[in-house]
Amino acid sequence: MFLRSLQVSIFVFLAVVSSSSALISSPGYNPTRPKALSDLKEAITKGLGFQPDDVKITGFDMRDALVGHSVAYEFDVEIGNKVVPLKLLEDVSRWEYVDLPFFRMQDPQGSLGKELVERSKVADGLPVLEPFQLAGPMELWIQDAKDMRISLPHDVDAGVLKKVILADGAVVTVKGARSVSLRHPVELPLPLNRTSNGFASGILRMAERLRQASLSEGAPLLSLRIVGPTSLTSPTSPANSPASRLRLKRLAPGLVELSSPSRTKPADILPSVNLEDATALLTPTQFTTMWPLASINGSNSNLLGFEALLSSVLGPRASKKGSFKLLKADVSAQTYIKIGFQVEKKLQEGDGIDLSGFPRWRTKPESLRMHFEVLAKVEGDKMLPERVIQVTPVLVEDTVAPSVLTGNVTMSTTPIVHPPPDPFTL
């Protein structure tokens with residue numbers, strides 16, 4: 001009986017040892033880094049001008065990755081025969097530690113991925129733009145037509161909406177959009193300067209002239225594309241009067257028109273005048289907002305900054321009569337990742353590294369280590385580097401033995417010093 005129990009104990013012990021070793025070093029277990037990180041490392045190597053064989057990029061600890069949301073503005077301006085791309089990015093207000101799906105290590109067996117899914121909290125929702133207002137006349141093309149919702153102010157069942165026309169005077173609040181972009185190029189008039197009485201900025205004046213041009217018969221409407229599950233609601237008024245509600249008219253399957261009862265004809269707004277003098281007939285109150293973005297006023301900091309940037313790009317042309325084209329305009333809510341990494345490069349002749357001040361007692365390094373921080377934009381399951389900056393790491397203080405500081409002498413050669421006697425010493 002004792003021998004049988006001993007055999008059973010040995011069998012159980014071997015089974016436990018074999019199973020635990022299989023978890024640690026199983027032949028088929030080979031977790032690899034996500035492909036998003038591999039593509040990011042390759043893009044960074046090319047962007048820094050290094051050869052893949054000369055450098056070694058390490059780091060990218062996903063536990064230290066910071067995730068934030070921001071709004072990106074991309075414009076392509078054609079001035080003469082030259083196209084100038086402009087890209088602006090708002091500061092990220094808050095960085096958080098969020099586990100994105102492609103951060104997980106790839107596991108061929110699938111066990112590690114299932115474990116991380118159970119442990120992590122994944123951010124399923126995509127970033128969206130803050131609610132903003134659009135004013136007609138214009139047309140909106142809806143990419144996610146099945147998810148479009150209209151409230152005037154109550155929900156209206158208009159079916160699958162692919163296109164919405166805003167008549168002149170109609171104002172809607174857009175909620176839930178991920179991006180808004182210009183579908184067709186727009187020619188903008190110059191000069192870009194303030195009016196003679198100084199109450200209107202150049203961009204507001206330019207937008208008003210463009211709106212007046214769109215009111216003419218046969219002129220093309222300003223066309224925008226909206227991406228994301230979106231809702232269009234009529235702005236709430238204090239009185240909530242019927243005159244402030246929008247009217248919906250079905251023009252075709254998937255096409256509706258929203259109009260304001262207070263505006264019957266475009267001619268009711270402004271008499272037919274020369275567009276060069278159109279802004280002279282307007283009062284200061286009509287320059288408080290920018291068409292077609294009715295939620296942006298003239299004192300908006302982003303608007304003032306973009307006007308200064310556009311003036312510097314146009315140069316002397318900004319104060320002269322003429323025009324320029326806006327080929328592309330895209331405003332989108334983006335997810336960004338900020339993460340640090342380390343680049344190790346073998347030192348070679350001609351690198352310009354001076355080691356003359358290096359202590360003689362220390363081993364001279366054979367490789368150079370540089371620390372960087374990358375700001376990458378998330379697009380689907382990819383990370384596209386936007387900015388890579390070099391950072392200064394935390395310096396490690398060297399600890400030196402006292403014998404090294406004193407010249408590595410022995411105690412026999414150290415002079416003996418007798419301090420004066422102290423009467424309080426026992």
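This briefing walks through a helix, a sheet, a loop residue and several salt bridges. The model is a predicted one. Helix α2 spans residues 35-47, five strands make up an open sheet, and the structure holds 13 salt bridges. Let's take these topics in turn.

**Helix α2**

- Helix α2 has 13 residues, and the distance from its first C-alpha to its last is 18 Å, close to the 18 Å expected at 1.5 Å a residue.
- Ala36, Leu37, Leu40, Ile44 and Thr45 are the ones to look at here, since they are buried in α2. Looking down the axis of α2, you will find its buried residues within an arc of 170 degrees, so they line one face of the helix.
- The partners of these buried residues are strands: they pack against β1 (55-59), β16 (322-346), β17 (367-379) and β18 (382-391).
- Turn to the other side of α2, and Lys35 and Lys46 are exposed.
- After α2 comes Gly49, which has a positive phi, near 80 degrees.

**The open sheet**

- The 5 strands of this sheet follow the order β4-β9-β13-β6-β7, with mixed pairing. At its edges are β4 (132-135) and β7 (155-156), each of which pairs on one side only.
- Strand β9 (residues 171-175) and β13 run antiparallel and are joined by 3 bridges.
- To place the strands by eye, find Val174, which stands opposite Leu232 in β13.

**Ser234, in a loop**

- Ser234 sits in the loop that connects β13 (231-233) and β14 (247-252).
- Despite its place in a loop, Ser234 is buried, with a relative accessible area of 8%.
- Setting aside neighbours within four places in sequence, the contacts of Ser234 are Ser151, Leu152, Pro153, Val171 and Leu246.

**Salt bridges between separate elements**

- Lys87 and Glu74 form a salt bridge, with 3.8 Å between the closest N and O atoms. Lys87 belongs to strand β3 (residues 82-89) and Glu74 to strand β2 (residues 66-79), so this pair ties together parts that are 13 residues apart in sequence.
- The two partners differ in exposure: Lys87 counts as partly exposed at 46% relative accessibility, whereas Glu74 is buried, with a relative accessible area of 17%.
- Both residues also take part in a network of salt bridges that links Glu74, Lys87, Lys328, Lys377, Glu379 and Glu386.
- Another salt bridge joins the side chains of Glu139 and Arg183, at 3.9 Å from N to O. Glu139 is in strand β5 (residues 138-142) and Arg183 in the loop between β10 (179-182) and β11 (186-190), so the pair ties together parts that are 44 residues apart in sequence.
- Glu139 is buried, with a relative accessible area of 12%, while Arg183 counts as partly exposed at 25% relative accessibility.

**A salt bridge within helix α4**

- The side chains of Glu208 and Arg211 also meet in a salt bridge, with an N to O distance of 3.1 Å.
- These two residues are 3 apart in helix α4 (residues 202-214), so about one helical turn separates them.
- An α-helix has 3.6 residues a turn, so residues three or four places apart point the same way.
- Glu208 and Arg211 are both buried.

Definitions and conventions:
Residues numbered from 1 in each chain as written. Predicted model: local features only at pLDDT ≥ 70, side-chain atom pairs only at ≥ 80, totals over all residues. Heavy atoms only, no water. Helix = DSSP H or I, 4+ residues; strand = E, 2+ residues; numbered from the N terminus. Expected span 1.5 Å × (residues − 1). Buried < 20%, exposed > 50% of the residue type's maximum accessible area, 1.4 Å probe, protein only. Arc of directions from axis to C-beta. Contact = heavy atoms within 4.5 Å. Pairing = 2+ DSSP bridges. Salt bridge = Lys/Arg side-chain N within 4 Å of Asp/Glu carboxyl O.
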